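Me: I'd like a close look at one part of this protein, starting from a single residue and working outwards. Could you walk me through what sits around it, and then show me the rest in the same spirit?

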Amino acid sequence: MTSIIRLTPIWGTMGESPPCYFLQIDDFRFLLDTGWDEKFDLQFIANLTKYVDKVDAVLLSHPDTYHLGALPYLVGKCGMKAPVYATIPIWKMGQMFMYDSYLNHHNTEEFTLFNLDDVDEAFDKIIQLQFGQVVNLKGKGHGISITALPAGHTLGGTVWKISKTGEEDIYYAIDHNNKKERHLNGCEMEKIQRPGILITNAFNALYVQEKRRKRDDMLMNVLTQTLRMSGNVLIGTDTAGRSLELTLMLDQMWRMKDSPLAPYSLVFLNNVAFNVLEFAKSQIEWMGEKLQKAYETTRVNPFQLRNVQVCHTLLELSQIPSPKVVVTSAADLESGFARELFLQWCQNSNNSVILTNRTSPGTLARKLIEDHSPGKCITIDVKQKLRLEGRELEEHHVRKKNEKEQKRKFEEDSSDSETEFTLKKHNVMKSNGNHVNGNGFADDIYKTATNGVKCLYADERKRKFDDYGEIVRPEDFKENGSCGNKNVKRAKQIHKRKSECESNEVNEPPMKYICIKQTVAVNCMVHFIDFEGRSDVESCVKMMQEMQPHKLVIVRGTGEATTALETLCKSLLPNTKIYKPGVGEVIDLTSGNQLLQVTLADSLMSSVKFHKLRGMELAWLDSIVNSDINQSKTDRKVSCSMFDSPTLEASEPITPPRKSLFVNRLRLSEFKQILSKHGIDSQYKDGVLQVKCSNGVVYIQRHSESRELIVESDGLSEEYYKIRTLLYEQFAIL
């Protein structure tokens, strides 16, 4: 049976916004990636909130903020409950990405969109998968399976294969890389033949990519020239994705025999730099074959980077002598150590800034890529976190003192009201508050508090001891299964973090956040060297030619790039239907041409009589469908909301007569077995099923042209009517 398949780009199409798509397969709905831009623009979230409650599963394709940045907000602030599927490296490195991103913003501005607890809660929901592992979904997703395939680009990067029983496969391939790199294999989608639907991006459709050797030589020359002039080099990159390829390559440059870079310092700087490299050391099986073979031969971990110094603060960095090369986040230069170092180093003409990624339009890095002429003055926002001093500090102390006083009064009022309620409750039971024991003496079961109010004693269990100390009760430590243990562990982590935060608030002096405009002259040399690790347009088109998908959906690329890729694919893939949806546009990818999902009106539903047949329920309806939906269905595009479907309403009471419709494909051999179960002997002869009766023979055969079953008899008898009734019971008669 054909399934209804619809795709809605929430964002990430006809532009360079982060990817996030809503895929519906019948009643099951996937959220493909949850990307957020570098500035955490709330406009993206506004588009997504109406879909959150409808999501049944989330699939993550890469660990960077551009593919999962909104996940902590959706889980922590929007209450999304759907399970999240990702590979193990995406689970580990994605958490590092979000930790670093949060700290980069929190250290310079008041950032409240999400916190570290939201990050932990979001990543606790991730179900970790291996490459090639098939996961069969349950419930509404019965019959649907998902499989993670290697995509390249980042460690654990995934091409998702979504399969439905009896349907063609769907492949979601965003930001993949066909070419092998130093630490990753390329994706191998060319081996896939004739997929039903391929969803891919047009990000590099109009971009001419330099050869790898030329890019490596360019990087080597820039580093050598800058360091020999006693200048520092800032390399902007991400936290735990492309930074692994860069640090591995730079370490190899430093280790080369007679390397001109050996006398200088190489630093990897971000908030979680140590954890990133430690995780990379434990994930060799997810890396390229060349790296794995070298590790098996030498037993030396390739990410045991001997020439890389790890730093987590600018204070640690200042203790390393210059000139030096610093690989740091974030690639957009909008936050983090990269922005602070840029402000410190950009006015020195001996320094160099190397940008490795085309970030979103409007970011500082993108502006420098588009125009990096020496001596250009730019105005940027400088955000700082400063201590309160003077009058501001006094006002802060007064405000805190008033808050504590109000809190104390509120607690006293609430405790008094609770005490009065308790006394009133017990006075109803005992007028004098005393309990009379069996000996006739009154035992006072209340104790008197400092304020003179009687309070009930707590019932404390006596502790028992043996020769080895206090007796341990196992039931005090039991939890309801592994889920309970996990929840307890999670609660302890949250409590510990809250305690640390409270202690930090006590120890940390009062702070304020400011933002000022600063004009700086960019005298340093700015270079863009592409280390994005994405497939170029030639590789993408060659891959699609070998795959020959039935339907191709082009997303994430400027309007010009999307149109260019569409034109190219139309000439090379004449048998492929191509879609290029806009943001919020619902495209119908259903294979059937006469399939329409509708909603039955309550008045119509109450009058319908369903007939069960082989696990299905069938009914005949005389109804009217909305004409606007019929018109939009002609070009297979649905312009209405994804969750709205046309309503079937009852037609006029008087309908033209029609013949009964018998639904089933019954074989004569099957009916022969049914007759034998009811004690009726029959024989199959010359394509006719014959049953002897008291006054003749009943003949059951199939018409040679119409293939309808024909029942004939020499004479009418009780056996004839019984056989006909059994035959009718095998059909749903509408």
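**Thr247 and its surroundings**

Reply: The side chain of Thr247 comes within reach of the backbone oxygen of Leu244, at 3.1 Å. Keep in mind that this is a predicted model. Thr247 is part of helix H7, which covers residues 242–255. Is Thr247 buried or exposed? Its relative accessible area is 2%, and buried means under 20%, so Thr247 is buried. Which residues touch it, once neighbours within four places in sequence are set aside? Thr247 is in contact with Phe268, Phe303, Leu305, Val308 and Val327.

From H7 we can step across to helix H8, residues 273–281. The buried residues of H8 are Ala273, Val276, Leu277 and Ala280. Around the helix axis they cover an arc of only 90°, so they sit on the same side of H8. H7 is one of the elements covering these buried residues, and the cover also includes helix H4 (88–106), strand S13 (265–269) and strand S14 (308–311).

Let's stay with H4 for a moment. The axes of H4 and H8 are 10 Å apart, and the two helices pack at an angle of about 170°. That angle is over 145, so H4 counts as roughly antiparallel to H8. Where they meet, H4 brings Lys92, Met93 and Met96, while H8 brings Asn275, Val276, Phe279 and Ala280. Val276 and Ala280 are also among the buried residues of H8.

For a second threonine, have a look at Thr34. Thr34 is found in the loop between strand S3 (28–32) and helix H1 (42–52). With a relative accessibility of 0%, Thr34 counts as buried. Not counting neighbours within four places in sequence, Thr34 has contacts that include Pro19, Cys20, Val58 and Leu60. Its contacts also include the run His67, Leu68, Gly69, Ala70 and Leu71, along with Leu74. Tyr66 is 32 residues away from Thr34 along the chain, yet their C-alpha atoms are separated by 7.9 Å.

Now for the sheets. Strands of a sheet pair through backbone hydrogen bonds, either parallel or antiparallel. One open sheet here has seven strands in the order S7-S8-S9-S10-S11-S26-S27, and its pairing is mixed. Its edge strands are S7 (134–136) and S27 (577–579), and each of them pairs on one side only. On average, neighbouring strands of this sheet are turned by 20° against each other, direction ignored.

Inside that sheet, strand S10 (residues 170–173) and strand S11 (residues 197–201) run parallel and are joined by four bridges. Tyr172 stands opposite Ile199 in S11. Helix H16, residues 559–572, lies across S11, strand S26 (551–555) and S27, and runs at about 160° to S26.

There is also an open sheet of three strands, with mixed pairing and the order S29-S34-S32. What stands at its edges? Strands S29 (599–600) and S32 (623–624) do, and each has a single partner strand, so one side of each is left without a neighbour in the sheet. S29 pairs with strand S34 (residues 647–650) in the parallel sense, over two bridges. Across that pairing, Leu600 stands opposite Leu648 in S34.

Back to where we started: Thr247 is in H7, and H7 helps cover the buried residues of H8.

Terms used
Residues numbered from 1 in each chain as written. Predicted model: local features only at pLDDT ≥ 70, side-chain atom pairs only at ≥ 80, totals over all residues. Heavy atoms only, no water. Buried < 20%, exposed > 50% of the residue type's maximum accessible area, 1.4 Å probe, protein only. Polar contact = N/O pair within 3.5 Å; in protein donor to acceptor, adjacent residues only side chain to side chain. Contact = heavy atoms within 4.5 Å. Pairing = 2+ DSSP bridges. Axes fitted to C-alpha atoms, helices over the stretch in contact; angles between N-to-C directions. Arc of directions from axis to C-beta. Parallel < 35°, antiparallel > 145°, perpendicular 65-115°, else oblique.
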